[in-house]
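Take a walk through this model, from a few local polar pairs out to the whole fold. Start by loading the coordinates.

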Amino acid sequence: LNRWLEAFLLDRRAQNAAAGTVKFYTKKLTHFASWCEAQQIATVTQVTPDSLRRFMLWLSETGHNPGGQHAIYRAVKAFLLWFERELELEGWKNPIRKVKPPRVQLEPLEPADLNIVKKLLDVCERDKLGERDKAVFYTLLDTGARAAELCALTVADVDAVTGQIEVRCGKGRKSRTVFLGKAARRALRSWLNRRGNKPGSLFGLEYDGLRSMVARRSTQAKVVRPTLHAFRRAFALNMLRAGVDLYSLQELMGHADLQVLRRYLKLLPEDLRAAHAR
C-alpha cells in the first residue's frame, strides 16, 4: 500500500501537478496510510467499502471537521481511481465506487467589507510603498485573483491602458483573463510610474509578504484584518450585484463548476428583496 501511495505521488509530480496539489495529496493520504497500518491493511486490494466507511467514521471521531473529512475522501478517491487505471486488475472492484463522500454543509463565506477596504486604501501614503499597496488592494478587489495568482503576476501580464490582465498561474495551471476598472487602472499606472517598466514581478510580493502588508495596513486603519481570500469573495458578490451572469462570473474567477461559486455568494435580505422586485 505504501509503495503504491508513493507511486501515485510520483505520478502527480510527473504529470506536472502544482506543488500545492502534491502537498495536498501527501498530507491527506498520510492519514489514510496511518489508519491502514493500524488496521493491518498492507495492500491496496485489501481495502474494502466497509473499511473505507470505518476510516471515514474514524476521521469524524478523531476531530476532523466535515470539510477536512471531505478533503481526505477526495484524496483517497483520486488515489484509488489512479490505482484502478494503472493496474487494470482483473476481478478487482474499486471500493471507492460504493462509498459516498461525507456530507458538507456549504455555508456562505464572508466577503471583505467595502467600508473596511476604503479605510485600507485611505491609509496608503502617496509614496512608492503606498502606491504599491493601493494598487494591490484595487487589483485584488477588481479581479478576484487568488493571493498566489496576484503574487505570480509579472509586468508582461498587465496592460495598464486597457486594464486587461492575463492570469497565467491559475489554480490547476489554468490561465484566464481578468480586468481592472477605471480607479484600479489609475492606481496601477501610478505604481508602474514608481516601479518602472523593468521585467519581473509586478508587485514584488510573495504570499507571506502580501499577508503581512494587509496586516500592517489593517493596524494603521484600525480595522479588523480581512483575509486575503475575502477580497475574492467581495469581488464575486459585488459582480453578482452588478448583474453579471453566473457563467461569466465563473470564468472570471477560474472555477471549474458553479458548486464552488455558491459559497462565495452570501446574499443579504436586501439583495433578495431587490431580486424579487425585479
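A polar contact is a pair of N or O atoms within 3.5 Å; within protein, one atom must be able to donate a hydrogen and the other to accept it, and residues adjacent in sequence count only if both atoms are side-chain atoms. The model is a predicted one: local features need pLDDT of at least 70, side-chain atom pairs count only at pLDDT 80 or more, and totals for chains, interfaces and linings use all residues. Residues are numbered from 1 along each chain as its sequence is written, and side-chain values use heavy atoms, with hydrogens and water left out.

Begin at Asn94. A polar atom of the Asn94 side chain lies 3.2 Å from the backbone nitrogen of Ile96. The Asn94 side chain also reaches the backbone oxygen of Leu80, again at 3.2 Å. Asn94 belongs to the loop between helix H4 (66-87) and helix H5 (114-122). Helices here are DSSP runs of H or I with at least four residues, strands are runs of E with at least two, and both are numbered from the N terminus. Is Asn94 buried or exposed? Asn94 is buried, because its relative accessibility is 5%. Buried means under 20% relative accessible area, exposed means over 50%, and partly exposed lies in between (1.4 Å probe, protein chains only). Beyond its neighbours within four places in sequence, Asn94 is in contact with Leu80, Leu81 and Glu84. Contact means heavy atoms within 4.5 Å.

Now the whole chain. The protein has 13 helices and two strands. Its C-alpha trace spans about 65 × 50 × 35 Å along the principal axes. Of its 278 residues, 40% count as buried. Take the contacts in the protein with a separation of 6 or more: residues 24 or more positions apart account for 64% of them. The exposed area is about 16200 Å², and carbon and sulfur atoms supply 52% of it. Areas come from the Shrake-Rupley method with a 1.4 Å probe; for residues, only the protein chains shown count as cover.

Charges come next. There are 48 positive and 29 negative charges, and their mean positions are 3 Å apart. Lys and Arg count as positive, Asp and Glu as negative; His and the chain ends are not counted. Each charge is placed at NZ of Lys, CZ of Arg, CG of Asp or CD of Glu.

Helix H9 (residues 207-221) carries Arg217. Arg217 counts as buried because its relative accessible area is 1%. Which residues does Arg217 contact, leaving aside its neighbours within four places in sequence? They are Leu120, Val123, Cys124, Glu125, Leu129, Gly130, Asp133 and Phe137. Arg216 is in helix H9 too. Arg216 is partly exposed, at 37% relative accessible area. Apart from residues up to four places away in sequence, Arg216 touches Leu129, Arg132 and Asp133. Arg216 and Leu120 are 96 residues apart along the chain, yet their C-alpha atoms are separated by 9.8 Å.

Cys124, a contact of Arg217, leads to the sulfur chemistry. How many disulfides does the structure hold? It holds zero. A disulfide is a pair of cysteine sulfur atoms within 2.5 Å. Cys124 forms no bond because the closest cysteine sulfur, in Cys151, is 16 Å away, which is too far. Cys124 is buried, with 6% relative accessible area. Cys36 is buried as well, at 0%.

Two backbone angles deserve a look. Most residues other than glycine have a negative phi. Gln40 is not a glycine, but its phi is positive, about 60 degrees. Gln40 sits in the loop between H2 and H3, and it is exposed, at 69% relative accessible area. Lys222 is not a glycine either, and its phi is also positive, about 60 degrees. Lys222 is found in the loop between H9 and H10. Lys222 counts as exposed because its relative accessibility is 77%.

Finish with Thr43, in the loop between helix H2 (19-38) and helix H3 (49-61). Thr43 is partly exposed, with a relative accessible area of 34%. Its side chain makes a polar contact with the side chain of Thr45 at 3.3 Å. Thr43 and Pro111 are 68 residues apart along the chain, and 45 Å separates their C-alpha atoms.
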